[in-house]
Amino acid sequence: MLKRVPIGLLTALCISNSVSADEYKFTLGAFYANTDSTMLVKSARDTGNYYLLDFEDDLLLTEDQFLPFFEFRYHFKDRHNIYLDWKSLHRDAETPQLGFDIEIPEFGDNDQNYLIDGSATISTTLNIDILRLGYGYDIWQGEQYFVGASIGIHTMFVETIFEGNISLCEGHSDPNSLCDTTTFTPKVVDNAITAPLPNIGLYGNYEFYPGWTFGAHVQYFAIKYDNFKGSLIDIRAGVQAKISDNWQLALAYNYYDVDVDIEQSRSILDEEYRTLDYNINYGFTGPMFAVSYRF
């Protein structure tokens, strides 16, 4: 008889001994992430023109990192699932000398910009947290398999902090020059962005040997509105083994990619100029390891 632990989209490798009306499952695991983050800024390097600042190449943030993840799933009424998933990527670095000044806009609708002195040390922090909440329904069930669909909300929190010799610029009318007047010199520029995005997916499990199951899921979204554009592709396939009535181990291969692009424009002298182009690509392709406890 198929061991059945119903799943939401993010717990597609779970299985139990019998169909259960109510069950809780906690999963803790690790994955290897590769991240690419950029921001459009004005740059003295290009005589005031816009420059695509790369957080990894220019500001020396770590590109590859081994990271934890957490998943929770509640299964009820044989076919219904509520799931919660969290992934986190927190990085910081010091750039001894960028080599050129840059001007970045303050996130929002005001006209304030910040001028960062590229001849001084710059400390950069970029924190990314991804939270997903959703519902899954098992459409087809058999003695050794089940297949279902899910829908949910995916939220991305981004916190950006710059520390160094930084000045707050007054508004200026020349869109192609760096600001030349300042009001005070803050040490930190801190911006936070939240991007809520919908997602849909399919999942399935098959028990090929008692206590051993093969599971897979695929999730996708793509959305564009106003100045925001985002997309997600999440594909996972792997094997899970029961080690006791309550504990399970899983090994999976995962392709995961989140891309968020935020643009802002400002009207200067009756013309529209792009003032912000903030792109974060967060993804990994590789193995995932996880241990689960259910009751």
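Here are a few notes on this predicted model, going from the whole chain down to single residues.

1. Overall make-up. The protein chain has 14 strands and 0 helices, so if you read along from the N terminus you meet β after β right to the end. Of its 295 residues, 52% count as buried.

2. Contacts and surface. Take the contacts in the protein chain with a separation of 6 or more: 69% of them are between residues 24 or more positions apart. As for the outside, the chain exposes about 13400 Å², and carbon and sulfur atoms supply 56% of that.

3. The β11/β12 hairpin. Strand β11 (residues 212-225) and strand β12 (residues 228-242) run antiparallel and are joined by 14 bridges. They form a hairpin with 2 residues between them. Have a look at Asp226 in that turn, which has a positive phi of about 50 degrees. Close by in your reading of the sequence, Lys224 has Lys229 in β12 as its bridge partner.

4. Glu71. You'll find this residue in strand β3 (residues 64-76). Glu71 counts as buried because its relative accessible area is 2%, and the cut-off is under 20%. Its side chain has a polar contact of 3.0 Å with the side chain of Arg236. Since a side-chain nitrogen of Arg within 4 Å of a carboxyl oxygen of Glu makes a salt bridge, that pair is worth a click in the viewer.

5. Asp54. What does a buried acid do without a salt bridge? Asp54, in strand β2 (residues 50-54), is such a case: the nearest side chain of opposite charge is Arg91, 7.7 Å away. That is no salt bridge because the cut-off is 4 Å. The Asp54 side chain does reach the backbone nitrogen of Asp57, at 2.8 Å.

6. Who else touches Asp54? Leaving aside neighbours within four places in sequence, Asp54 is in contact with Asp36, Ser37, Thr38 and Leu59. When you bring up Asp54 on screen, show these four together with Asp57, whose backbone nitrogen the Asp54 side chain reaches.

7. Gly142. This glycine is in the loop between β7 (122-141) and β8 (145-163). Buried or exposed? Neither, really: Gly142 is partly exposed, because its relative accessible area of 28% falls between the 20% and 50% cut-offs. Its C-alpha atom is 9.3 Å from that of Tyr206, although the two residues are 64 apart along the chain.

Definitions and conventions:
Residues are numbered from 1 along each chain as its sequence is written. This is a predicted model: local features need pLDDT of at least 70, side-chain atom pairs count only at pLDDT 80 or more; totals for chains, interfaces and linings use all residues. Side-chain values use heavy atoms; hydrogens and water are left out. Helices (H or I, at least four residues) and strands (E, at least two) are DSSP runs, numbered from the N terminus. Buried means under 20% relative accessible area, exposed over 50%, partly exposed in between (1.4 Å probe, protein chains only). Lys and Arg count as positive and Asp and Glu as negative; His and the chain ends are not counted. A polar contact is a pair of N or O atoms within 3.5 Å; within protein, one must be able to donate a hydrogen and the other to accept it, and residues adjacent in sequence count only if both atoms are side-chain atoms. Contact means heavy atoms within 4.5 Å. Accessible areas come from the Shrake-Rupley method with a 1.4 Å probe; for residues, only the protein chains shown count as cover. Two strands pair if DSSP finds at least two bridges between them.
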